[in-house]
Amino acid sequence: LGPTICVGEILVEIMARSVGDGFREPIDLVGPFASGAPAIFIGQCAKIGGSAGLIGAVGRDDFGRLNLDRLKADGADISAIVVDDLYPTGSAFVRYRSDGSRDFVYNIATSAAARFGWSEAVETLVHRAGHLHVMGSALSMGSAVDVIERALPIIKARGGSLSFDPNLRKEIVYDADTERRFRDLVAAADLLLPSGEELERAAGVEGEDAAIRRLFEMDVKEIALKCGAAGAKVFRPGAAPIFAAAFVVDEIDPTGAGDCFGGAYVASRRLGLGPEEALTIANAAGARNVTRQGPMEGAGTREELGRFIAETARRSR
Ligand code: ATP
């Protein structure tokens, strides 16, 4: 029924090589790496053979070129990505602290990242699309919200579906409007891809079982719960939960694991695989991605993920 599409921020990430406290002294950096949650998601989707397109914007500069080249090489449709003449491509400097938390210096607000809107190219892509994936991080970006609100009814009217990754971020302000949009997306989603506390936040109730029950009452048809280094689970109404034990890997850089998991899960389901097989592939996509520095560098093709699954041990429960 047409490609999976996603809307939102495209940026480059430049990472500190050393663990430490922020950027207040000269340190060794590595990058730029292609990034932005929607870009990571769509890149992984396309890489395993799912038809996928991204709506967003980059600047007319090397960082923008790097992102476009990367998405194109992964097989994504980049026809609805604006190349902006005025503002530079968005960027984020990232440094891990020893407790695993991260410090960021962003240039998104004064970048090209949000400089897109409904256009002929967007309209063409949306009218071909069979699935919309929404990242919670897009809810604070006015241009993304506008496109999502116009695209969703068109895609649903064609019999298409919606997935939602709550993607809660501490730098996003959940004002009344953002909160309402968040609730509306949970209620409209066919598939939800939360991680950790996002499950309870999406359901509005505490406890995993109660949250799952509440979401099913809201007509969510499938929940793929990401559990980091503890693996992942899938819940569907009337079916036993499916658990995937995590693959044993050396975690080099956890950024992007959730987006790769999501891209692989959505693409696999849309390619007609069952939830169990899709979960295995997504669990592998997330795990493989943490073994490389850079948010998209560990994304795998179907063959690479197949090899990874065959060769990698899994944790015992
Ligand atoms: P992010 O927002 O940083 O992209 P997330 O919180 O949405 O991540 P995670 O739960 O961290 O998502 O990771 C997604 C999936 O990737 C996990 O459910 C698991 O399948 C896999 N994964 C992540 N980290 C590891 C790890 N250290 N070892 C094995 N698998 C992992």
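A residue counts as near the ligand if its C-beta atom, placed from the backbone, lies within 6 Å of it. With that cut-off in hand, here are some close-up views of this predicted model.

**View 1. The shell around the ligand.** There are 22 residues around the ligand, and those that come nearest are Ser195, Lys226, Gly258, Gly286 and Ala287. Two elements give two or more residues to this shell: helix H8, spanning 257-270, and helix H9, spanning 275-289. Helix H8 supplies the largest share, with four residues. If you are curious about the chemistry of the lining, the shell splits into 11 nonpolar, eight polar and three charged residues.

**View 2. The nine-stranded sheet.** Here you can follow an open sheet of nine strands, ordered S5-S4-S1-S8-S9-S10-S11-S12-S13, with mixed pairing. Strand S5 (81-84) and strand S13 (242-244) each have a single partner strand, so one side of each has no neighbour in the sheet.

**View 3. One end of the nine-stranded sheet, at S12 and S13.** Strand S12, made of residues 232-235, pairs with S13 through three bridges in the antiparallel sense. To find your place in this pair, look for Lys233, which stands opposite Phe243 in S13.

**View 4. The four-stranded sheet.** This second close-up of strands shows an open sheet in which four strands follow the order S3-S2-S6-S7, again with mixed pairing. Its edges are strand S3 (29-35) and strand S7 (102-107), and each of these pairs on one side only. From one strand to the next, the twist averages 20°. Strands S6 (residues 90-96) and S7 run antiparallel and are joined by six bridges. A handy landmark in this pair is Tyr96, whose bridge partner in S7 is Arg102.

**View 5. A helix across the four-stranded sheet.** Helix H2, covering residues 62-74, lies across strand S2 (11-16), S3 and S6. Relative to S3, helix H2 runs at about 55°.

**View 6. A cis peptide bond in strand S3.** Zoom in on Gly31 and Pro32, and you will find them joined by a cis peptide bond with an omega of about 0°. Pro32 lies in strand S3, one of the two edge strands of the four-stranded sheet.

**View 7. Helices H3 and H4 crossing.** The axes of helix H3 (residues 120-128) and helix H4 (residues 142-157) come within 9 Å, crossing at roughly 35°. This crossing is right-handed. On the H3 side, the contact is made by Val122, Val126 and His127, while H4 brings Val147, Ala151, Ile154 and Ile155. By class, the contact of H3 with H4 has six nonpolar residues, one polar and no charged.

**View 8. A positive phi at Asn167.** Although Asn167 is not a glycine, its phi is positive, at about 45°. Where should you look for Asn167? It is found in the loop between strand S9 (161-165) and helix H5 (176-188).

**View 9. Confidence along the chain.** How confident is the predictor, and what does the chain average in pLDDT? The average is 95, and 100% of the residues score at least 70. For the model as a whole, ipTM is 0.97 and pTM is 0.97.

Conventions. Residues numbered from 1 in each chain as written. Predicted model: local features only at pLDDT ≥ 70, side-chain atom pairs only at ≥ 80, totals over all residues. Pairing = 2+ DSSP bridges. Axes fitted to C-alpha atoms, helices over the stretch in contact; angles between N-to-C directions. Contact = placed C-beta atoms within 7 Å. Nonpolar A, V, L, I, M, F, W, Y, C, P; charged D, E, K, R; others polar. Left-handed = near helix turned anticlockwise from the far one by under 90°. pLDDT = per-residue confidence, 0-100.
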